[in-house]
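Student: I've got the model open and want to check a few labels against their cut-offs. Can we go through them together?

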Amino acid sequence: MHVTINVNGEEHGDEVEDRTLLVHYIRDTRGLTGTNVGCDTTSCGACTVLLDGESVKSCTVLAAQADGHSVTTIEGLADGESMHPVQRAFQEKHGLQCGFCTPGMVMASVSLLRENPNPTDAEVRSGLEGNICRCTGYHNIVESVLAAAERTTEAAE
Amino acid sequence: MIPAAFTYRRASSVDDALALLAEHGEDAKLLAGGHSLLPLMKLRLAVPEVVVDLGGLPDLSYVEDRGDSVAIGALTRHHDLATSELLGREVPLLAHAAGTIGDPQVRHRGTIGGSLVHGDPASDLPAVALALDAVLVVRGPAGSREVPATEFFKDFFETAVEPGELLTEIRIAKRGGQGWDFQKFTRRAIDWAIVGVAVAGDAVALVNMGPKPMRASAVEAALAAGASPAEAAEHAAEGTSPPDEHNASAAYRQHLAKVLVRRALENARAR
Ligand SMILES: Cc1cc2nc3c(=O)[nH]c(=O)nc-3n(C[C@H](O)[C@H](O)[C@H](O)COP(=O)(O)OP(=O)(O)OC[C@H]3O[C@@H](n4cnc5c(N)ncnc54)[C@H](O)[C@@H]3O)c2cc1C
Ligand code: FES
Ligand code: FES
């Protein structure tokens with residue numbers, strides 16, 4: 001089938017099989033390999049992207065369901081050379097170790113902060129419950145999200 | 001894991017969805033949020049030939065004030081239930097329980113209709129619908145019919161929705177001020193409940209205590225006869241036949257049900 005999907009701000013028309021999963025469309029058709037597949041069973045969050053601005057696990061969405069909608073992947077967050085505040089906070093606070101979970105963590109965090117710009121530590125932890133870090137680097141991930149929230153709130157004031 | 005090949009059709013209206021179901025019969029499966037169906041299709045436990053996507057029907061996604069009751073469109077997502085101000089005020093049990101489903105990503109996709117029609121006894125919203133005496137509106141080629149929640153869940157993954165029909169709306173009488181509670185015992189953050197308990201007033205429903213979601217009738221009868229929450233909770237395991245598997249034995253679940261029912265009743269009374 002033919003799908004038209006806005007990926008990272010640019011509209012793309014592509015032929016896909018009806019059964020194509022969104023994560024395979026992103027990685028194989030669009031060549032954007034920042035989005036990882038971890039568990040392939042909706043459990044780990046590594047494949048998290050934004051669909052119309054909200055976090056979803058792209059291993060459990062059909063590309064066909066995204067037809068006519070917008071998808072943002074980790075590649076679409078930075079503004080040119082300037083990293084997104086959440087990306088910058090992950091770098092500064094050492095919110096990553098091997099980096100495998102990181103694209104999903106960052107996308108889930110962006111969605112979380114959109115819904116709750118000033119989360120508490122506990123709200124960050126429950127807000128990221130769908131993302132697993134196999135290096136178990138949760139402490140610095142939570143620190144990163146809190147730092148990004150603080151910076152974004154300051155910038156808005 | 002990739003689903004077996006199928007033909008994707010996006011329904012443009014409820015009537016169009018019904019027409020597509022009529023055209024393809026048993027070969028077709030409705031797709032709402034896809035968070036129960038797609039995992040089954042990836043494991044090839046479900047192999048539909050035609051997938052009819054309801055996701056493009058915004059007119060089935062709403063939470064509306066209908067005077068004495070609240071009406072919820074079948075395609076309303078868990079996230080929208082959890083954040084609905086109207087539900088938070090008038091049916092807080094449903095808003096709260098929806099917020100405990102899976103994780104934020106799951107709640108951004110999964111819908112109340114999909115959750116109810118899937119009929120998984122380990123799911124949260126079926127028990128919540130039972131405790132709240134919800135009325136489910138099912139539409140088929142011959143028109144709409146209303147099914148009380150107590151008659152909706154037939155058996156293991158089987159509901160009153162027949163092939164060729166779809167669930168369009170859930171109606172719940174307003175509960176402002178009524179005591180309620182939801183207990184969900186899980187081993188890990190995003191797991192389904194080992195046992196769950198939904199309490200609305202003196203109505204008590206159980207998650208994962210048998211082949212289908214059920215009301216804890218013996219507990220309700222004890223309460224009606226004047227028993228205290230602690231006394232009534234001792235009846236929580238009566239009539240149940242919970243799963244006996246690697247996560248928990250049946251005996252453990254029956255013990256847990258008594259503990260959680262007591263907690264839920266005490267919290268509901270304190271609210
Ligand atoms: C990682 C993960 C964790 C989860 N955790 C929980 C949890 O803790 N608690 C819980 O309760 N659930 C949980 N779920 C399940 C989740 O709530 C699903 O979203 C829900 O059960 C199904 O809703 P859906 O909209 O995704 O339905 P779909 O998967 O699209 O459909 C499910 C079934 O219902 C049918 N259907 C859907 N809509 C209609 C309709 N309007 N009329 C007729 N038939 C229809 C479909 O044909 C299909 O058979 C979890 C799921 C995942 C992936
Ligand atoms: S790969 Fe999608 S949730 Fe793990
Ligand atoms: S940084 Fe290695 S999995 Fe999270």
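Tutor: Sure. Phe156(B) has a relative accessibility of 52%, and keep in mind that this is a predicted model.

Student: Why does Phe156(B) count as exposed?

Tutor: The label needs over 50%, and Phe156(B) comes in at 52%, so exposed it is.

Student: And what makes Phe157(B) partly exposed?

Tutor: Its relative accessible area is 37%. Buried would need under 20% and exposed over 50%, so Phe157(B) falls in between.

Student: How many aromatic pairs are there over all chains?

Tutor: Two. One of them joins Phe152(B) and Phe153(B).

Student: Why is the pair of Phe152(B) and Phe153(B) called edge-to-face?

Tutor: The centres are 5.1 Å apart, within the 6.5 Å limit, so the rings pair. Their planes meet at 85°, and over 60 degrees counts as edge-to-face, so that's the label. Both Phe152(B) and Phe153(B) are buried.

Student: What about Phe156(B) and Phe157(B)?

Tutor: They form an edge-to-face pair too, with 4.7 Å centre to centre and 85° between the planes.

Student: Over to chain A. Which residues of helix H1 are buried?

Tutor: In H1(A), residues 22-29, the buried ones are Leu22(A), Val23(A), Tyr25(A) and Ile26(A).

Student: How do you know that they are on the same side of H1(A)?

Tutor: They cover an arc of only 165° around the axis, which puts them on the same side. In general, an α-helix has 3.6 residues a turn, so residues three or four places apart point the same way.

Student: What covers the buried residues of H1(A)?

Tutor: Strands E1 (2-7) and E2 (10-15) of chain A are among the elements that do.

Notes:
Residues are numbered from 1 along each chain as its sequence is written. Chains are lettered from A and ligands numbered from 1 in the order in which they are written. This is a predicted model: local features need pLDDT of at least 70, side-chain atom pairs count only at pLDDT 80 or more; totals for chains, interfaces and linings use all residues. Side-chain values use heavy atoms; hydrogens and water are left out. Rings of Phe, Tyr and Trp (its six-membered ring) pair if their centres lie within 6.5 Å; planes under 30 degrees apart count as stacked, over 60 as edge-to-face and the rest as tilted. Buried means under 20% relative accessible area, exposed over 50%, partly exposed in between (1.4 Å probe, protein chains only). Helices (H or I, at least four residues) and strands (E, at least two) are DSSP runs, numbered from the N terminus. The arc is that of the directions from the helix axis to the C-beta atoms. Contact means heavy atoms within 4.5 Å.
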